[in-house]
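Notebook open, model loaded. I wanted to look up one helix and one sheet and jot down what I found.

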Amino acid sequence: DIFGPNDKRPMAMAPKAPAEVQLEQLDEAFGPGYFEHGRLIFTVARDIPGMMKVAHKLQQKTHEKLGSMVEIILEHVKHELWLKLHESTTSSSLQKGQEVAEYQVTDIPDGIRQHPYRRDRLPTLEVMLLWEDPSNRSVRGRCLFTMPHPEVPKLEDVDDIFAEIEPFFAKRWLKVQLALETPQQGDFAETPPELGGLSLSGADVMVLACHPRGFASEASESVVHVSQCQPLSFKAKTDDAGQAQICFLPASLNKVQVAETAVFHGTEVSLMGSELKSLDEGVTNLTVRLLPKAQASLSVHVFCMPKKLPEATEEMFGIIDWAAEDRQAIPAAKVDVTPLETNGTQLSLQHTAEDSFEASLAEGCFSVKVACDGYETEERTLMLLVGPNHVYFPMVPRSVE
C-alpha cells in the first residue's frame, strides 16, 4: 500500500541514501571543515623493479584530476635499507611510530603515521594525505592507499589505485558572492537609489544538493515516502564583503538559497553539477544577485512636552507643526524599533544630534517605543515609506505621587 502524506501511522526509519553515507565517511575522515589544499606523499620502494614507473603514472593521473588542490611529494625508500635496519635487534627495537628525520622529504608530525622503515613490512607503494585542520591549524593526515612488501602493484593497477584515492576528494568548494541589483524605477524617478550603504554581511546562504535516494530500476523492500527524500544541506554566513564559502558534496542539481534579510529579498538559483569547476581548475565562484528592499530613513525626534502647547494652525489642519517649534531634546532616551512581521528583530536607534535618533530601514510597518527615566513611555505603530520619515515624540513628565 502507498499511503498519502496525511497518514498518521508511524513511519519506519528510512535507509540512508548513498550520498548520506559518503558524506558521513568524509566528515569522519576530515571533519565538516574539510580543506582547500593538501599534500599527497607518495612513498615508493625505488629499488623494487617497476615501482618508479607505477609511481610516475599515478603521479601524472593524480595531477591531471586533482590539479592545484594537492602538492604531490615523492618519498623514496629502499627495501635493501629496510632489511639492514631490521637485521639488527637493536635497531628494530627503537620506538615505533616516530619519524626518521634524516629520511623525511616533508614535515610530517609524529603520531600521524609509523615511518616505513620502522614497520614490520615496508610499503612498496603508499599514498598519504596531509592537510591543515582549519579549526586549530594543526597538521592532520590519513593513509589513502598502502601495499606492503612483498606485494607489488603493476602499471595496469594504477586506475584501480586512483579509484580508491578519488572518493576522498568528492567535495567541492563554492564561493558565493552576493550583489545587489539596481531596483526598477518609475517613469518619473529623477535619480537612481544609492545602494552603497547597504550591508551584505551576516546573510544566511544554504546549498541544497539534490542527490537521488535510489532508482526505480533497483529492487527495494521498502518504499521511502517523498517527505523523507530531502536534499543534503550545507550552510554558511557571508563575511563583511558579502561572500560565503561553502564546502559541499555536489549533486547533478544543486540549489543555492539566500535567506531574506531587512536589506534584501531572498532568492534561489540553480547550480548544475556540470557548471562546477573540476578539482584541477580550483574553486567555483558564483555571483547571486539580490533585489534590495525599498529603503526608508527614519528620524525619531524625542523632546520634552512644553508646559504650554503651541497653537495648531489651519494650514496644518489643526495639527501642531513640531518641526517649526523649539524643542528641548532628551538625548538619554531609549528608542526601539520593531518590524511588525514574523520573527521581526528589534533595533535600538542611535542618538545622532540634538533630539534626533536615526536609522535606515526597509519600508514597512513598525512599532516605535520611546522610554526615558522620569517620563511616561510612548509607543506608536508607524508605516514607513520610501524616503525620509520624521516622527515627533513629545514626552510627558511622569507625575510624582
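**Helix 2 and a sheet**

I started on the far side of helix 2, where Lys 53 and His 63 are exposed (over 50% relative accessible area; buried is under 20%, partly exposed in between, 1.4 Å probe, protein chains only). This is a predicted model, with local features needing pLDDT of at least 70 and side-chain atom pairs counting only at pLDDT 80 or more, while totals for chains, interfaces and linings use all residues. Residues are numbered from 1 along each chain as its sequence is written, and side-chain values use heavy atoms, leaving out hydrogens and water.

Helices (H or I, at least four residues) and strands (E, at least two) are DSSP runs, numbered from the N terminus.

Next I listed the buried residues of helix 2: Met 51, Met 52, Val 54, Ala 55, Leu 58, Thr 62 and Leu 66. Down the axis they fall within an arc of 155° (directions from the axis to the C-beta atoms), so they line one face of the helix.

What do they pack against? I found strand 1 (38-45), strand 2 (70-77), strand 3 (123-132) and helix 5 (158-165) (contact: heavy atoms within 4.5 Å).

Just after helix 2, I noted Gly 67 with a positive phi of about 60°.

Then the sheet: 4 strands, open, order 14-13-17-18, antiparallel pairing (at least two DSSP bridges between two strands). Strand 14 (347-348) and strand 18 (378-384) are the edges, each pairing on one side only.

I also checked strand 13 (residues 334-339), which 6 bridges join to the antiparallel strand 17 (residues 364-371). Asp 336 has Lys 369 in strand 17 as its bridge partner.
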